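Work through the exercises below with the sequence and the model side by side. Try each task on your own before you read its solution.

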Amino acid sequence: MLASPAVTSHETRTDTARALYLDLLKRTITGAVTENNNRVLGAVPTSGSPLKPKNIADNVGRLIGRLGFEIAYKRAYDPELRAVGRDWPGGADSMIGLRRMENVQHCVETAIQEDVPGDLIETGVWRGGTCIFMRGVLKSYDDTMRKVWVADSFEGLPAPDAARYPADKGDELHTQDQLAIGVDIVRHNFERYGLLDDQVEFLVGWFKDTLPTAPIEKLAVIRLDGDMYESTIQGIEALYPKLSPGGFLIIDDFGSHASQAGRAIEDYRAEHGISDEIVDVDGFGAYWRKSP
């Protein structure tokens, strides 16, 4: 029996409205909608740079910032760089780019549409943009059962523990304090998008302390964004056993930090005999779907 024209028309309008909302949301979160690519001195990526000119610029920017001003210099907007997350947009709520954000959308929507049980989590959230987008996808589908878990130290990355994790030897990410975004700022960012509610849960602290005891029963989508071997292996060890069959494991840094995050993933897969195909997203991020 064919659906009535009224029902079909209503479903079409709903689908169109959802698609428009999610497209606008991800373009706003990544800064693509404003095409703003200006750089602010004293912010990402000058913070913690070993290069003397950037270090001087960073110090000047911080000094000006304490006086209530900021120095920005204009940079041409390149849609291809923003698509693949290569331009570190200082004013955006996420630096992952549109393709990795679209990958998040694909995984979450598939989990909803195919009724894969479990919540959503990101480990390493910066300003919270990807988690905000996850919550927006749930909202657009009127999914009131799943939670979005926002896991971060909210203090930046840990100093490398080379004795336990040799792959992280020499890592300097812990010196970039502009990567340390406080939990109150991230909460406020959720509020700005109208997406802070009781379906959003924060796990505040180092992954080794929070993830093993997190009160999470099942997960449908895991997104690991810890850059380092330590952060990545701690995330996958604690969370992958909770990933439902048919669920998705996304690694933001699989290609960009192949010797650290990428190696941690390969080591875990080898140890546990995981052979599900790893799919590249944009040269940096990758994912796979957990087989039954």
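**Exercise 1. Decide whether Phe248 and Tyr287 are buried or exposed, and describe how their rings are arranged.**

Solution. Begin with accessibility, where buried means under 20% relative accessible area, exposed means over 50%, and partly exposed lies in between, with a 1.4 Å probe and protein chains only. By this rule both Phe248 and Tyr287 are buried. This is a predicted model, in which local features need pLDDT of at least 70 and side-chain atom pairs count only at pLDDT 80 or more, while totals for chains, interfaces and linings use all residues. Residues are numbered from 1 along each chain as its sequence is written, and side-chain values use heavy atoms, with hydrogens and water left out.

Next, apply the ring rule: rings of Phe, Tyr and Trp (its six-membered ring) pair if their centres lie within 6.5 Å, and planes under 30 degrees apart count as stacked, over 60 as edge-to-face and the rest as tilted. Phe248 and Tyr287 form a tilted pair, at 6.2 Å centre to centre and with 45 degrees between the planes.

Finally, place the two residues in the chain, using DSSP runs numbered from the N terminus (helices are H or I with at least four residues, strands are E with at least two). Phe248 belongs to strand 7 and Tyr287 to strand 9, so their pair ties together parts that are 39 residues apart in sequence.

**Exercise 2. Work out which strands pair with strand 9, and in which direction they run.**

Solution. Two strands pair if DSSP finds at least two bridges between them. Strand 7 (residues 243-251) is joined to strand 9 (residues 286-289) by four bridges, and the two run antiparallel. Strand 8 (residues 279-280) is joined to strand 9 by two bridges, again in an antiparallel arrangement.

Now look at Ala286 in strand 9: Ile251 stands opposite this residue, and Asp280 stands opposite Ala286 as well. The hairpin of strand 8 and strand 9 has five residues between the strands, and in it Gly283 takes a positive phi near 90 degrees.

**Exercise 3. Find how many aromatic pairs the whole structure holds, and classify the pair of Phe190 and Phe202.**

Solution. A search of the whole structure gives six aromatic pairs. For Phe190 and Phe202, the ring centres are 5.9 Å apart and the planes meet at 75 degrees, so this pair is edge-to-face. Phe190 is in helix 6 (residues 183-192) and Phe202 in strand 5 (residues 200-204), so the pair ties together parts that are twelve residues apart in sequence. Both Phe190 and Phe202 are buried, and together with Phe154 they form one aromatic cluster.

**Exercise 4. Explain why Cys107 and Cys131 are not bonded to each other.**

Solution. A disulfide is a covalent bond between the sulfur atoms of two cysteines. The cut-off used here is a pair of cysteine sulfur atoms within 2.5 Å, and a search of the whole structure finds zero disulfides. The closest cysteine sulfur to that of Cys107 is in Cys131, and because it is 14 Å away, it is too far for a bond. Cys107 is buried, at a relative accessible area of 0%, and Cys131 is likewise buried, at 0%.

**Exercise 5. Trace what the salt bridges of Asp197, Glu201 and Arg223 join.**

Solution. Side chains of opposite charge can pair when their charged atoms come close. A salt bridge is counted when a side-chain nitrogen of Lys or Arg is within 4 Å of a carboxyl oxygen of Asp or Glu, and by this rule there are 15 salt bridges.

Take Asp197, which forms a salt bridge with Arg135, the closest N and O atoms being 2.6 Å apart. This pair links distant parts of the chain, with Asp197 in the loop between helix 6 and strand 5 and Arg135 in helix 5 (residues 129-140), 62 residues apart. Asp197 is partly exposed, at 27%, whereas Arg135 counts as buried, at 2%.

Move on to Glu201 and Lys147, whose side chains meet in a salt bridge at 2.8 Å, N to O. Glu201 lies in strand 5 and Lys147 in the loop between helix 5 and strand 4 (148-152), so the pair ties together parts that are 54 residues apart in sequence.

Last, Arg223 forms a salt bridge with Asp225, with the closest N and O atoms 3.7 Å apart. Salt bridges that share partners join Arg100, Glu122, Arg223, Asp225, Asp252 and Asp282 into one network.
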